[in-house]
Amino acid sequence: MLSKKIETALNKQVRIEAESSQIYLSMASWSETNGLEGISKFMYAQSDEERVHMLKLMKFINERGGHAQVTELTSPKTNYETFQEMFEELYKHEVFVSNSINELVHISLTEKDYASHNFLQWYVAEQIEEEAVAKTILDKINLIGDDKGGLYLFDRDIQQPNINGTKK
């Protein structure tokens, strides 16, 4: 059974994962309307992945005797000056999510909820990967600079599996 403190913290994370999905969906739409097909496909996939993270949390909360809550979400940003700005925000957001997951792990240990602690280890590993992918992409974007040919190749290559050495 979940303590109320853990249940509340997990429900906060449900909202963060839902908002993450919305943020990436908005980024996908912006990319698509700006002719960045590869980036939009990548962002649509990221949005789907964040929704899966949210659902996994909801199932866990309910299975452990809590009640997963669906709450109102904050509207995501819809416009970016550049694709670089968008990916900088993506990276900052992943760091924010990692910090939130780390706080959940801390709460689970403080509450001596080892089942939740064990469950959260998947999220810890996932966030290590998410941050690494975002940082690798940002590094590549910084190498491209203002080169339109480089942007074209980047947009094409980001669609390919394992571009960042990960499962993405």
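Trainee: What does the side-chain oxygen of D113 reach at the start of α4?

Mentor: In this predicted model, that oxygen comes to within 3.4 Å of the backbone nitrogen of A115.

Trainee: And how many residues does α4 have, and how far does α4 reach?

Mentor: α4 has 31 residues and spans 45 Å from its first C-alpha to its last, close to the 45 Å expected at 1.5 Å a residue.

Trainee: Where is the kink in α4 centred?

Mentor: On L120, with an angle of about 25°.

Trainee: What comes just after α4?

Mentor: G145, which takes a positive phi of about 60°. A glycine with positive phi also follows α1: G35, with phi near 75°.

Trainee: Since you mention α1, how far does α1 reach?

Mentor: Its 30 residues cover 44 Å from first C-alpha to last, close to the 44 Å expected at 1.5 Å a residue.

Trainee: S20 is in there. Buried or exposed?

Mentor: S20 lies in α1, which runs over residues 4-33. S20 counts as buried because its relative accessibility is 0%.

Trainee: Which residues is S20 in contact with?

Mentor: Leaving aside neighbours within four places in sequence, S20 contacts E50, H93 and V97.

Trainee: Changing topic. Which residues have the most contacts inside the largest nonpolar core?

Mentor: I39, M43, F83, F87 and F154, in a core of 23 residues. The elements giving two or more residues to this core are α1, α2 (37-63), α3 (83-110), α4 (114-144) and α5 (148-157).

Trainee: Which of them gives the most?

Mentor: α4, with six residues. There is also a second, separate core of 21 residues, and L120 is one of its members, along with A18, I61 and L104. That is the L120 at the centre of the α4 kink.

Trainee: Back to I39. What is I39 in contact with?

Mentor: Beyond its neighbours within four places in sequence, I39 touches S31, F83, M86, F87, F154, D155 and I158. F83, F87 and F154 are also among the residues with the most contacts inside the largest core.

Trainee: What is the mean pLDDT of the chain?

Mentor: The mean is 93, and 95% of the residues reach 70 or more. Among the elements, α1 has the highest mean, 98, and α5 the lowest, 87.

Trainee: Where does pLDDT stay under 50?

Mentor: Over residues 163-168. The model does have 22 contacts there beyond four places in sequence. Where pLDDT is low, the predicted coordinates should not be read in detail.

Technical notes: Residues are numbered from 1 along each chain as its sequence is written. This is a predicted model: local features need pLDDT of at least 70, side-chain atom pairs count only at pLDDT 80 or more; totals for chains, interfaces and linings use all residues. Side-chain values use heavy atoms; hydrogens and water are left out. Helices (H or I, at least four residues) and strands (E, at least two) are DSSP runs, numbered from the N terminus. Buried means under 20% relative accessible area, exposed over 50%, partly exposed in between (1.4 Å probe, protein chains only). Contact means heavy atoms within 4.5 Å. A nonpolar core is a set of buried Ala, Val, Leu, Ile, Met, Phe, Trp, Tyr and Cys residues joined through side-chain atoms within 4.5 Å. pLDDT is the predictor's confidence in each residue, from 0 to 100. The expected span of a helix is 1.5 Å times one less than its number of residues. The bend at a residue is the angle between axes fitted to the seven residues ending there and the seven starting there. A polar contact is a pair of N or O atoms within 3.5 Å; within protein, one must be able to donate a hydrogen and the other to accept it, and residues adjacent in sequence count only if both atoms are side-chain atoms.
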